[in-house]
Amino acid sequence: TVSSSFMACKDAGRDTEEPEIVEEEMDSDVYEEGVMDEGFGAYDANNDTMWDEEEFGNANQTTFSQWDENQDSSLDNEEFYGSTFGVVDANNDDRIEENEWSEGRDNLYANYTGENDWDLFDKDEDGFLSSDEWNEGFANSDWFNEFDENDDQLVDNNEWNSGIFDGWDRNEDGFLDQNEYNNYNRNRGNS
């Protein structure tokens, strides 16, 4: 938490009363200007406190190779959905809980599901999504096809990074700032 002082007037309509100073503890997701954590700053090649898509790609190389099971430098449909399942499974228990679903939806796949699609995906109604339920639920979505920019039925590292980057870039300014980075990593339990 960040301690923040602010002035609060009891009656905004009066300019004769002295404002009261109130101390309040506030949660803050805002990073201090120019201060970056090591994970983020290590890949900020031009030290502008933001990542462009190339810097993001440099930071994300290991992740892609881990999910490229056959090491052919691309993800087929099965590898793609397996990797996205792994991204959303924040606690790595091989199932997706409803809170993980909600966080993943906010960060990755809101364009491919409805707000209330949890029940459509959780076919056996056990309160979790298995990888089979995940794959079946996304089978008819455009998610893979939108990542596959060149329509070759494979997602290469650049396409993967571009798709993930776009999902993290909440303000759609073409850069990831420390807050966008922290938001995703907090959801993954890494912050």
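**Notebook: the core and the α4/α7 pair**

I began with the largest nonpolar core, which has 30 residues, and those with the most contacts inside it are F80, W101, Y109, W134, F138, W143 and W160. A nonpolar core here is a set of buried Ala, Val, Leu, Ile, Met, Phe, Trp, Tyr and Cys residues joined through side-chain atoms within 4.5 Å; buried means under 20% relative accessible area (1.4 Å probe, protein chains only). Two or more residues each come from α4 (77-88), α5 (98-109), α6 (118-121), α7 (131-138), α8 (143-147) and α9 (157-168). I noted that α4 gives the most, with five residues.

A word on the source: this is a predicted model, where local features need pLDDT of at least 70 and side-chain atom pairs count only at pLDDT 80 or more, while totals for chains, interfaces and linings use all residues. Residues are numbered from 1 along each chain as its sequence is written, and side-chain values use heavy atoms, with hydrogens and water left out.

Next I looked up W101. Leaving aside residues up to four places away in sequence, W101 touches V88, I96, Y109, T113, D117, W118, F121, L129, W134 and F138 (contact: heavy atoms within 4.5 Å).

Then I turned to α4 and α7. Their axes (lines fitted to C-alpha atoms over the stretch in contact, angles from 0 to 180 degrees between N-to-C directions) come within 10 Å and cross at roughly 120 degrees. On the α4 side I listed Y81, G82, T84, F85 and V88, which meet S131, W134, N135 and F138 in α7. By class, that contact has five nonpolar, four polar and no charged residues.

Last, the whole chain: I found 10 helices and eight strands (DSSP runs, H or I of at least four residues and E of at least two, numbered from the N terminus). Buried residues make up 35% of the 191 residues.

Key: Buried means under 20% relative accessible area, exposed over 50%, partly exposed in between (1.4 Å probe, protein chains only). Ala, Val, Leu, Ile, Met, Phe, Trp, Tyr, Cys and Pro count as nonpolar, Asp, Glu, Lys and Arg as charged, and the others, Gly among them, as polar.
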